[in-house]
Amino acid sequence: MSQTFRVLTRSFSSSAARHAAIKNVTIIGGGLMGAGIAQVAASTGHNVVLVDTSDDILKKSRANIEKSLQRVAKKKFAENPKDGEAFIADVTGRLSTQTDAAKAVKNADLVTEAIVENLDVKKQLFSSLDKAAPAHTIFTSNTSSIPIKEIAVSTSRLDKFGGLHYFNPVPMMKLLEVIRIPETSDETFNALLAFGKAMGKVTVNCKDTPGFIVNRLLVPYMMEAVRMVERGDATPQDVDTAMKLGAGYPMGPFELTDYVGLDTCKFILDGWHEKFPGHPLFEPSPLLNKYVAEGKLGNKVGEGFYKSKK
């Protein structure tokens, strides 16, 4: 192993070692977000167990992680391919998979859930994990829209419950929203902040409010753009051009809505509207509802406000 690889490995793992309280991490959900979280956690010196319902899903997740690591290695070790191979082997050596969630949390210091945005499903998961995980284990959800407290009440460890909201794609996006509920202890919250920094993320402190920080600002912004089109004030193309060239945004609100998914935006908006009826920023959008009903969900299906390649 060359000096270059040893130095880089130490840089990945040194901060994690300083916060040894969180060393073993279990990620529930092998989709895009869960796999991304698992990759970054393993790359920063943590032992990771990635959990999903079938071996086939987990094989795909692991394959996607390895492809992503190959891209990282190709960039970081352009002049030393052997070091790149050693880097990939080192990271994947800290990553295991499991279909039994109860077994996967037996040695966990931290559990992060990244499954479907359904409150009942999340509560059922954490209720079962609460019985299987050690008393010291911290529970977190990666939810982008469901109140953390509503998930946490399914457990007996509200003092050890919080939110870790990552952004897609996790290996590239630096931000991590760290959310606390009133019952979250200072020890737990500080451990989550330290873990985020050990993951190489920039952390921001959030209260358990709708959308936390980013989505609370972003979703109403996207929906106001949709309402402009509903009123006939502008076209999606003109709105996107105006915000990119006039406000310096990298993407316009309609491009962003297609990227996020129209169904995802509708799900978030509907949930907020249900909890805060009459709030003008959370009112449903007839145009958004129409597109979702027609199956125009955005980039993932090839058409939303724009037509695109899947």
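Modeller: A pocket is an open set of grid points with protein on both sides within 12 Å along at least five of seven lines, and its volume is the space filled by probe spheres set on those points. The model in front of you is predicted, and in it the second largest pocket comes to about 870 Å³.

Colleague: Which residues lie nearest the centre of that second largest pocket, and which helix gives the most to its lining?

Modeller: Its lining is made of 35 residues, and those nearest the centre are Q39, S68, V72, P171 and M172. Helix 1 (3–18), helix 2 and helix 3 (55–76) each supply at least two residues of this lining, with helix 3 giving the most, 12 residues. By class, the lining divides into 15 nonpolar, 13 polar and 7 charged residues.

Colleague: What is the volume of the largest pocket, and what lines it?

Modeller: About 1500 Å³ of space lies in the largest pocket. It is lined by 42 residues, and E117, S144, V260, T264 and I268 are the closest to its centre. Helix 12 gives the most to this lining, with 9 residues, while the helices that each supply at least two residues include helix 2 (32–43), helix 9 (214–231) and helix 11 (253–260). The lining divides into 22 nonpolar, 12 polar and 8 charged residues.

Colleague: What makes a space a cavity rather than a pocket, and how many cavities of 30 Å³ or more are there?

Modeller: In a cavity the 1.4 Å probe fits but cannot get out, whereas a pocket is open. By this rule the count comes to 1 cavity of 30 Å³ or more, and the largest cavity has a volume of about 30 Å³. Its lining consists of S145, I146, P147, D208, T209, P210, G211 and F212, which divide by class into 4 nonpolar, 3 polar and 1 charged.

Colleague: Why is T26 called buried, and what does T26 touch?

Modeller: Buried means under 20% relative accessible area; T26 has 1% relative accessibility, and therefore T26 counts as buried. T26 sits in strand 1 (residues 24–28), and beyond four places in sequence it touches V49, V51, A104, V105, A108, L110, V111 and T112.

Colleague: Why does A102 count as partly exposed?

Modeller: Partly exposed covers the range between under 20% and over 50% relative accessible area, and A102, at 32% relative accessibility, falls into this class. A102 belongs to helix 5 (residues 101–104), and leaving aside residues up to four places away in sequence, A102 touches L129 and A132.

Colleague: How do you know that D130 and R157 form a salt bridge, and which parts of the chain does the pair tie together?

Modeller: A salt bridge needs a side-chain nitrogen of Lys or Arg within 4 Å of a carboxyl oxygen of Asp or Glu; in this pair the closest N and O atoms are 2.7 Å apart. D130 lies in helix 6 (residues 119–132) and R157 in the loop between helix 7 (148–152) and strand 6 (161–165), so the pair ties together parts that are 27 residues apart in sequence. Both D130 and R157 are buried.

Colleague: What makes K275 and E150 a salt bridge, and why is each placed in its accessibility class?

Modeller: The closest N and O atoms of K275 and E150 are 2.7 Å apart, and the cut-off is 4 Å. The pair links distant parts of the chain, with K275 in helix 12 (residues 262–275) and E150 in helix 7, 125 residues apart. K275 has 40% relative accessibility and so counts as partly exposed; E150, with a relative accessible area of 28%, is also partly exposed.

Colleague: How many salt bridges does the structure hold, and which residues are linked in a network with K290?

Modeller: The structure holds 17 salt bridges. K290, E294, K296 and E303 are linked in a network of them, and within it E294 and K290 have their closest N and O atoms 2.9 Å apart. E294 is partly exposed, with a relative accessible area of 41%, and K290 is partly exposed at 44%.

Colleague: What is the mean pLDDT, and where does pLDDT stay under 50?

Modeller: The mean pLDDT of the protein is 93, and 93% of its residues reach 70 or more. Over residues 3–7, however, the pLDDT is below 50, and this stretch has 8 contacts beyond near neighbours in sequence. Residues 9–20 also stay under 50, with 16 contacts beyond four places in sequence. Where pLDDT is low, the predicted coordinates should not be read in detail.

Methods
Residues numbered from 1 in each chain as written. Predicted model: local features only at pLDDT ≥ 70, side-chain atom pairs only at ≥ 80, totals over all residues. Heavy atoms only, no water. 1 Å grid on protein atoms, 1.4 Å probe; cavity = no way out; pocket = protein on both sides within 12 Å on 5 of 7 lines; lining within 4 Å. Nonpolar A, V, L, I, M, F, W, Y, C, P; charged D, E, K, R; others polar. pLDDT = per-residue confidence, 0-100. Contact = heavy atoms within 4.5 Å. Helix = DSSP H or I, 4+ residues; strand = E, 2+ residues; numbered from the N terminus. Buried < 20%, exposed > 50% of the residue type's maximum accessible area, 1.4 Å probe, protein only.
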